[in-house]
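Here's a relaxed walk through one protein model, written for someone meeting it today. Have a look at the sequence and the structure, and then we'll take the parts in turn.

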Amino acid sequence: MGHGKFTVNEVEDRTGVPAATLRQWERRYGYPCPERSSSGYRLYSEDDLRGIAVMKDHIDDGVPASRAAELAQRPTPARGEARPTDALRNDLIHAMLDLDEVGADQVLGEAYALHPIETVLVDVIAPTMTDLGRRWHDGEIPTTTEHVASNYVHGKLRGLLALTGAHHANPKVVIACAPHDHHELGALMLAVLLRRNGYRVIYVGPDTPTDDLATLVREHAPTALMVSASTGDSIRALEAGRDALASLATPVYYGGAAFDADPAAADRLGGTYLSGNVVDAVARFDHLVAAGTASVDAPAPRQDGAS
Ligand code: B12
């Protein structure tokens with residue numbers, strides 16, 4: 001809004017964007033769309049000036065001009081005002097529907113700047129994937145869109161995991177997905193959050209045979225084994241290999257969408273169901289470790305930070 005008072009040449013002087021480019025943007029992207037004087041000259045407002053500067057910055061950063069034009073037209077949040085997570089999630093979903101990784105990076109950048117990582121994982125990224133999964137299931141989006149989004153999120157979570165580094169002296173936790181289960185994003189979130197809480201994480205990853213997992217756990221004697229399962233088939237695969245994990249001295253915790261739908265399956269497997277979302281699950285696990293009940297053996301004392 002605001003009254004137009006700058007001619008195209010004045011805008012060029014102030015923003016460094018050539019007059020010809022401004023007219024081209026207007027023609028192609030409908031932005032900026034200045035008022036016209038009675039004789040037909042373009043008159044840009046203060047808001048236009050701000051928006052043009054924003055659009056130029058985005059383009060300089062490699063954002064496609066059409067997307068930059070959209071971003072330039074958004075109302076700027078007041079300083080220090082955190083946009084709520086549902087708005088960020090909506091933006092992330094739309095960036096993914098557009099296969100726009102640059103746009104997604106911007107949303108996540110804003111999210112990390114304004115909210116704790118825990119909140120970003122559980123309230124922005126996880127529900128984005130669930131929403132895309134629903135759209136895929138309903139035939140609204142092709143498999144390729146879901147794949148682009150999964151791979152994008154996978155890369156981001158791997159990056160976070162690498163950034164959180166490995167700890168050496170703290171209690172060790174092994175994390176793996178059920179046999180044949182390629183749904184890895186929840187397990188990665190769990191790994192990131194446990195590391196942030198000071199645990200040493202051995203991240204095994206997707207599709208892990210139970211016999212091999214049991215061997216690894218016997219050799220490394222972690223404080224806990226955590227297993228993620230996303231489908232009913234995965235629970236059946238775990239049940240088929242029940243003895244390998246049920247006979248371990250190490251306590252086994254089960255989680256993931258399949259256990260959220262059928263928590264009793266964890267009991268049938270001789271393990272413990274850890275509550276639904278990863279943040280609550282890690283908090284509960286912390287509590288068990290502090291109380292000395294997470295492991296049959298007394299856990300190593302907790303130390304804060306890396307050693
Ligand atoms: C991404 C995705 C994939 C990707 C996974 C990529 C990857 N690298 O992880 C790929 C393409 C591989 C895939 C494949 C398939 N998928 Co899929 N997929 C999904 C999708 C869209 C999102 C899953 C996801 O990442 N969610 C985000 C994570 C963060 O959330 P979450 O898993 O719920 O985990 C949360 C908690 O449970 C917790 N958590 C997770 N693990 C653990 C573990 C512990 C110990 C704890 C404490 C907590 C915890 O943390 C998370 C955050 O709080 C879902 C849709 C949906 N509704 O979820 C379908 C979905 C899970 N897939 C489904 C299906 C059917 C398949 C396929 C069979 C499709 C096919 N026909 O090929 C294959 C099976 C492949 C296999 N053998 O595993 C179905 C499962 C139905 C069912 N209940 O059996 C779903 C629900 C889609 C649907 N509506 O039909 N999929």
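Where does Leu-99 lie? You'll find Leu-99 in the loop between helix H5 (85-97) and helix H6 (101-114). One thing to keep in mind from the start: this is a predicted model. Leu-99 is worth a stop for its backbone, with phi near 55°, a positive value in a residue other than glycine. Most residues other than glycine have a negative phi, and most peptide bonds are trans.

That second habit has an exception here too. Tyr-31 and Pro-32 are joined by a cis peptide bond, and its omega is about -10°. As for the setting, Pro-32 belongs to the loop between helix H2 (19-29) and strand S1 (35-36).

Now for the sheet. Five strands make up an open sheet, pairing in parallel, and reading across gives the order S4-S3-S5-S6-S7. Its edges are strand S4 (200-205) and strand S7 (272-273), each of which pairs on one side only. Further in, strand S3 (residues 172-177) runs parallel to strand S5 (residues 224-228), and five bridges link this pair. If you'd like one bridge to look for, Ala-176 has Val-227 in S5 as its partner. Strands of a sheet pair through backbone hydrogen bonds, either parallel or antiparallel.

Follow the chain to the loop between S3 and helix H9 (185-196), and you'll meet His-183. What does His-183 do for the cobalt atom of the ligand? His-183 is the only protein donor of that cobalt atom, using NE2 at 2.2 Å.

Next come the helices and how they pack. Two packed helices are described by the angle between their axes and the distance between the axes. Here are three pairs side by side.

| Helix pair | Angle between axes | Axis distance |
|---|---|---|
| H9 and H15 (residues 278-290) | roughly 45° | within 10 Å |
| H3 (residues 46-60) and H4 (residues 65-72) | roughly 145° | within 8 Å |
| H6 and H7 (residues 117-137) | about 135° | 8 Å |

Let's start with H9, the helix that follows the His-183 loop. The axes of H9 and H15 cross at roughly 45°, which makes H9 oblique to H15. The crossing is right-handed. On the H9 side, the contact is made by Gly-186, Met-189, Leu-190, Leu-193 and Leu-194, while H15 brings Val-278, Val-279, Val-282 and Phe-285. Sorted by class, that contact holds eight nonpolar residues, one polar and no charged.

On to H3 and H4. H3 passes H4 in a right-handed crossing. From H3, the residues in contact are Gly-51, Val-54, Met-55, His-58 and Ile-59, and they meet Ala-65, Ala-68, Ala-69, Leu-71 and Ala-72 of H4. Eight residues of this contact are nonpolar, two are polar and no charged ones take part.

Last up is H6, the helix on the far side of the Leu-99 loop from H5. H6 and H7 pack at an angle of about 135°, and they are therefore oblique to each other. H6 passes H7 in a right-handed crossing as well. Leu-108, Ala-111 and Tyr-112 of H6 make the contact with Ile-117, Val-120 and Ile-125 of H7. What classes of residue does this contact have? The contact of H6 with H7 has six nonpolar residues, with no polar and no charged ones.

Technical notes
Residues are numbered from 1 along each chain as its sequence is written. This is a predicted model: local features need pLDDT of at least 70, side-chain atom pairs count only at pLDDT 80 or more; totals for chains, interfaces and linings use all residues. Side-chain values use heavy atoms; hydrogens and water are left out. Two strands pair if DSSP finds at least two bridges between them. Helices (H or I, at least four residues) and strands (E, at least two) are DSSP runs, numbered from the N terminus. Donors are N, O and S atoms within 2.8 Å of the metal (3.2 Å for Na, K and Ca); water is not among the atoms, so sites may look incomplete. Axes are lines fitted to C-alpha atoms, for helices over the stretch in contact, and angles run from 0 to 180 degrees between N-to-C directions. Angles under 35 degrees count as roughly parallel, over 145 as roughly antiparallel, 65 to 115 as roughly perpendicular and the rest as oblique. A crossing is left-handed if the near helix is turned anticlockwise from the far one by less than a right angle, and right-handed if clockwise. Contact means heavy atoms within 4.5 Å. Ala, Val, Leu, Ile, Met, Phe, Trp, Tyr, Cys and Pro count as nonpolar, Asp, Glu, Lys and Arg as charged, and the others, Gly among them, as polar.
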